[in-house]
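Student: I should like a close look at a single part of this model. Please choose one chain, describe how it is built and what it touches, and add what is needed to judge the rest.

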Amino acid sequence: MNRFRRANRAAILASVAASFALVAPAAAQETFKLGIVTFLSGPAADSFGVPARNGAQFVIDQLNKGAAPSPYEKVGFGGIKVEPVIIDENGGATKQVQELRNLYQRDNVDVVLGYIGSGDCLAVAPIAEELKKMLVLMDCGTPRIFEDAKYNYVFRTAAHATMDNVGLIRYMKAKNIKMTTLSAINQDYAWGQDSRADFVAAAEQLYPGVKLQTDLLPKFGAGQYGTEISALVGAGSDVVYSSLWGGDLQAFVLQSAPRGLPKRSQLVFSAADHVLPPLGDKMPDGTIIGARGAYGLMSQKSPLNDWLFKGYEAANGVYPVQASYRMTQAILGLKAAVEKAMAKNGGKKPSTDEMVAAMTGLEWQTPGGLIQMKLADGHQAIQPIAFSRTKYNPDLKRVDLVDIQYFAAECVNPPPGVKAIDWIKGGMQGAKCD
Amino acid sequence: MHPLVMIALVAAVTLFGRALPTWTLSLATIAASNALISLGIVVLARTGNVSFGQGLFFAAGGYGVALIANAWGLTDAVAQVIVGAACGGLLGLVIGPLIARYSGIFFGMLTLALSMVFYGALVKTTALGGSDGFNVGRPSLFGMSFTDPREADFMLYAVSVIVTGFAGIAATILFRSEFGLASLAVRENNLRVEYLGLSANRIVSINFAIAAVFAGASGAFALMAQRHIDPQFAYWTTSGEFVFVAVLAGNQSVAAVFVASMALELVRSFSNLYLPNTWQLVLGIFLLGVILFLPRGIGSLWIRDRRKRRTAADVPLAAERGAAS
Amino acid sequence: MNFFLTIVLDGLIQASWLFVVALGLTLVFGVLKILNIAHGSFYALGAYIAATVVTMVAARSLPPSVGFVAMLLAVAMIASAVGWLLERGLLKMFYGRDEVVLLLVTYAVFLIMEDVTKLIWGVNPIYATQPYELFGNLEFAGLYYVGYDLVLIPISAAIGFAIWFGLNRTVIGKIVLAVIHNEEMSLSMGVRVNRVYAIAFAFGVLLAALAGALTAPKISMQPGLSSDVIILSFAIVVIGGLGSVEGAAVGALLVGLARAASVHLMPQAELFVIYLIMAVVLMFRPEGLFKRETARRI
């Protein structure tokens, strides 16, 4: 037994020693250590997490080579090479809090950038604020982050979900879609609940007297929607709205198409561009979809967009979707902020406070259009968005997008200082549409 | 080990936190808080019952503290631990007597079922944030608030190590007491215990309540460390991990619970970087190995040693099972 | 009336595959007295194998009916082999130890299986929808239903009946029942209890995997599938009573119908309603609706 005991102690000592060894300070050569958090496994990996990671790898690789187009031609961030530390967002909010601490305190990253899940964003934001470290949220949708709290060190470089739903209603109105009755199916967590609330509120503004019939909130990752589809088909509303995404959306479309739901109701999906490649001809024609921005097949031509679209396609074999764009715009925004801070401090690697000051209220060009940090005292972005209808192209065996319409950022996002839901319910005052 | 020695040990570990890097502090805080709930499972396991639903009390403590903190601004760390322990304990007092008459698989299954009922209720309660949960503010201590992240982490570390340490000392004393030995007897044969004039149900209920108190306090720590709570606290896989620690530790040594908990947290901490898709596999194989080769847990590595020495010195064996360190 | 019919039909579709999963769980418990936490993992295993087979068949441009039959055969063979090997190679080592120890062993198997499926099939969702179109669509009560969903109902009823018949009306079934009631006595009467254990466990795994294969064309297979399924089948056997075939049927029906009714009538209560039924049953009949009296040995 003594040998066991010694072996046991030795093992404990070794593991403690190993853990100390890993806290050794970062390499002497100066790099910009960027923690990147995105889904590498789990339900959101395929649709969002992995495209986002591929986007990050492409952009960081290009930046470190100095190969990005103007105005991003400087190597890395202002001449400092970017060293990414990529970790998995899967495992729940509680786990992410611990992982965020590890990134800042154990791995000594300069900035953490990422997060797709709304629940994760809500949980990690206050931790970064307490640790006084910069956190850039790149994708999550819930408007609550900056509406329920005030942050100095936290930024979101993409518009929140209000834009997706206000834009969707504006698109439907522009295309004369009839809607006297409405049904909805959304996941039972922050993203689904907030999207639903915004859509219903916006519908009541532009379609006065619209009646909400079946209103379903299945569990995230439910996978089987047989009963829900019966209820939706039974209700037979003019429009069926959903903010489902990823595997859940695919399962829903696969199960509902044979049961005649698209024939009875106009389907409108607020975030569906990423399921078009896997679904192919299973996606019913004429479905109205959004991509949470002017992204992918709905993106507008520009040198920056060509650079991302073609370069990403060459590197990964598929075209970039929403998450790749959002990752790109977050990294470019951080680069712009770091370089702005370096212009001020004489070219040194900027401190967290200098970066925060530079990022606040920043505007920068991205493949998806101009991003402006206009809301929440310069911490929350607004951006333009596009919507369209699907049409399967049997010759190319892929879904084409037709009837594309763009909306300016200030047409679909609330003005500063107003809560999104109050803005919608107040009649969307101050919206600047072309 | 004499209780005074143990108190000195707790003090030493607390002060050692001063030398630890910041990220290990929060890791150790979580490990200590998980050790506390697993200790509760060990206490209960001495009556032969394994609870697969400690997540229930863990979540009850966490949500109780979070609600009171947000409603009345109670931020004191020690007060929060007491509130958490009280929430868990009260629930344990209600549930314990109801399920004390079951044993073995039925006991495990009932506890699991109850925690899943709670989980289902939490997920559907939008007022509590539904499946997203909600955030709470930073804890303070005796009127001091800590704005420096390192000081705040150390404060939490110190409180959790001290509370868990004292819980460990209390458990050790309990294990050696008449009640603790009677609990072991319930595991061997509860009918014979009844013949001796003791109530097996009552013994199980009391142990259950103790485990619930520990779980509630542990929930309070988890909340303070993460500042966020969601229904995952009550999900069965969360409870499963605590059982894992308890099995790994065995029911002979309190110290083993701490070692097992720290080991699990270290593995978890590095798993995301080095074994993202195999760490459950490693845990599973490890668990099988422990059940097969060390049926009394890693605690038996050093406890068995001592027993041999005692036998050599002709010490009566009667108290062997009660030995704990 | 139509509305009511819709609820019943939706509930039956749900109940059908849940019943098959729960049947496996309850059978293993009845014979081996093991509450198999890894049961959901075998469901996931079946679903993943089915997806692989269906994709392989589709890649050779064979009709989906071939894929459907091939997936069932492949799953049946692999799952019973896995079950047999697990029982002979692993569980056997722990017989004679506490019931709770076996519970922990299956928990370890659950942990291992979680990662093994990830290692084999990756972490991204996979699909195998070809067989879903096999039986066309039917119009019923003003709604369209997918034929495949409806076919699941008689299939699972047939599986249930076969198990019930096998247990109660055949010699092998009587032997299994004898082992359930008293294994020591069976042993002394010359029953090879070890073999009965192995067969029963393999059968339990087979049923879980079969349910996974039958649902595979409807769903997306992704990590985390197993932990939800095990909880649902737990709820069913808790409601029906551990070790009872009739109980599993009634439990599955209750859970399926309750879920369907809540989606149609009160969507907020979905998920929760299942746990609520479980809690109520536990409170009033803690050993399930179909309680099996067992003599306690002192």
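Tutor: The following account treats chain B and its contact with chain C, and then turns to chain A. The model is predicted, so to speak of local features a pLDDT of at least 70 is needed and side-chain atom pairs count only at pLDDT 80 or more, while totals for chains, interfaces and linings use all residues. Residues are numbered from 1 along each chain as its sequence is written, and chains are lettered from A and ligands numbered from 1 in the order in which they are written.

Chain B contains 13 helices and two strands, where helices (H or I, at least four residues) and strands (E, at least two) are DSSP runs numbered from the N terminus. The radius of gyration of chain B, taken over C-alpha atoms, is 19 Å, close to the 20 Å that the globule rule gives for 325 residues, so chain B is as compact as a globular protein of that length. That rule is 2.2 Å times the number of residues to the power 0.38. Along the principal axes, the C-alpha atoms of chain B fill a box of roughly 55 × 45 × 40 Å.

Of the 325 residues in chain B, 58% are buried, that is, 20 or more other C-beta atoms, placed from the backbone, lie within 10 Å of the residue's own. Two residues are in contact if their C-beta atoms, placed from the backbone, lie within 7 Å. Among contacts in chain B between residues at least 6 apart in sequence, 82% join residues at least 24 apart.

Towards chain C, 29 residues of chain B are in contact with 33 residues of chain C. Helix 5 (104-123), helix 10 (236-249) and helix 12 (279-293) of chain B each give two or more residues to this side. The largest share, 11 residues, comes from helix 5 of chain B. By class, the side of chain B that touches chain C has 19 nonpolar (Ala, Val, Leu, Ile, Met, Phe, Trp, Tyr, Cys and Pro), nine polar (the others, Gly among them) and one charged (Asp, Glu, Lys and Arg) residues.

As for confidence elsewhere, chain A averages a pLDDT (the predictor's confidence in each residue, from 0 to 100) of 85, and 93% of its residues score at least 70. In chain A, the lowest confidence is in helix 1 (residues 2-21), at a mean of 47. Over residues 1-28 of chain A the pLDDT is below 50. Where pLDDT is low, the predicted coordinates should not be read in detail.

How values were computed:
A residue is buried if 20 or more other C-beta atoms lie within 10 Å of its own, exposed if 12 or fewer, and partly exposed in between; C-beta atoms are placed from the backbone.
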